[in-house]
Amino acid sequence: MRFCSVTSGSSGNCHLIETGQHRLLIDIGLSARQIEKLLKERQIDPASITAVFVTHEHSDHTKGVGVWMRRYRVPVMATAGTWHGMQRMVGQVPGELCVEIRSGKGYRMSDLRIEAIPTCHDANDPCGYAVESGGNKVVVITDTGMVTPLMQRHLAEADLSVIESNHDIDMLMNGPYPMLLKKRILSNMGHLSNHDCAQAVTEALRQNAKGIFLLGHLSEENNKPELAMNTTLTMIKERMGKAGAGSIYLTKRECSTDVFTI
Ligand SMILES: [Zn+2]
Ligand SMILES: [Zn+2]
């Protein structure tokens with residue numbers, strides 16, 4: 001399998017997962033044109049994408065979905081609640097390309113199996129995804145206010161995971177957001193803090209020291225890349241010694257990550 005985080009952050013999200021027979025995008029949260037440009041920079045032909053999976057209806061995950069469907073005529077999978085929530089954003093699209101999936105269920109597509117993992121977020125029916133192929137596994141979990149035991153199990157089993165490291169709690173609390181929004185972000189239906197992320201990664205590494213972790217969905221306003229990275233690395237070091245520190249990476253907002261082969 002190959003993986004590339006095309007873009008990730010509070011302003012837009014898109015990840016590429018490749019197996020022998022499929023090239024999937026998880027979310028298209030920038031314009032289709034911007035995603036095409038980022039893919040081409042990695043020598044990936046946008047027309048070679050075979051399917052798109054959407055995590056939830058927020059615009060930083062769905063902005064380019066409608067144009068992509070009309071341009072490339074690929075099937076898009078999302079839960080019923082997400083389809084309902086993103087109707088306006090997506091606009092008129094061919095009905096036969098809109099595929100409804102269920103959170104908590106697994107689906108087989110030729111050489112891969114994909115499972116929608118329920119997340120805890122203020123959206124209609126949000127999910128993350130776990131994709132397995134040829135004995136390898138990639139997990140994408142962002143936009144969740146807490147890490148459930150099911151998520152933790154997937155993270156421990158994955159060869160590569162994207163996990164949300166959204167905000168630094170002090171930066172958020174001392175920042176300019178209104179209190180209501182701060183409370184929403186901090187709640188169990190909001191986003192994972194750097195500390196929450198560090199805990200989940202450390203726990204997963206304890207069970208699977210070979211895992212690669214990409215810290216994603218960093219807030220532009222309430223986080224700094226070095227703060228996210230340091231929080232996770234410090235906790236790993238404190239609780240486990242140095243093991244695993246080399247396999248933590250940051251996703252990027254302005255460009256894609258390297259392509260990882262697992
Ligand atoms: Zn988001
Ligand atoms: Zn969201």
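Donors are N, O and S atoms within 2.8 Å of the metal. With that in mind, let's walk through this predicted model, beginning at its metal site.

The zinc ion (ligand 2) has the protein donors H56 (NE2), H58 (ND1), H121 (NE2) and D143 (OD), which lie 2.2 to 2.5 Å from it. Along the chain, these donors follow the spacing H-x1-H-x62-H-x21-D. The angles among the four donor atoms run from 90 to 172°, and the site is irregular. Now look at D143: this residue bridges the zinc ion (ligand 2) and the zinc ion (ligand 1), and the two ions lie 3.4 Å apart. H56 sits in the loop between strand 4 (51-53) and helix 2 (59-62), while D143 sits in the loop between strand 10 (136-141) and helix 5 (149-157), so this pair ties together parts that are 87 residues apart in sequence. Both H56 and D143 are buried.

Next, let's turn to the aromatic rings. A pair of such rings is described by the distance of the centres and the angle of the planes. The count here comes to three aromatic pairs. In one of them, the rings of F53 and Y129 have centres 5.3 Å apart and planes at 70°, so the pair is edge-to-face. F53 belongs to strand 4 and Y129 to strand 9 (residues 127-133), so the pair links distant parts of the chain, 76 residues apart. F53 and Y129 are both buried.

Another pair is formed by Y249 and F260: their ring centres are 5.0 Å apart and their planes are at 75°, so this pair is edge-to-face. Y249 lies in strand 13 (residues 248-250) and F260 in strand 14 (residues 260-261), 11 residues apart. Y249 is partly exposed, with a relative accessible area of 35%, whereas F260 counts as buried at 12% relative accessibility.

Terms used. Residues are numbered from 1 along each chain as its sequence is written. Chains are lettered from A and ligands numbered from 1 in the order in which they are written. This is a predicted model: local features need pLDDT of at least 70, side-chain atom pairs count only at pLDDT 80 or more; totals for chains, interfaces and linings use all residues. Side-chain values use heavy atoms; hydrogens and water are left out. Donors are N, O and S atoms within 2.8 Å of the metal (3.2 Å for Na, K and Ca); water is not among the atoms, so sites may look incomplete. Four donors count as tetrahedral if all angles lie between 85 and 135 degrees; four count as square planar and six as octahedral if opposite donors are over 155 degrees apart and all others between 65 and 115; anything else is irregular. Helices (H or I, at least four residues) and strands (E, at least two) are DSSP runs, numbered from the N terminus. Buried means under 20% relative accessible area, exposed over 50%, partly exposed in between (1.4 Å probe, protein chains only). Rings of Phe, Tyr and Trp (its six-membered ring) pair if their centres lie within 6.5 Å; planes under 30 degrees apart count as stacked, over 60 as edge-to-face and the rest as tilted.
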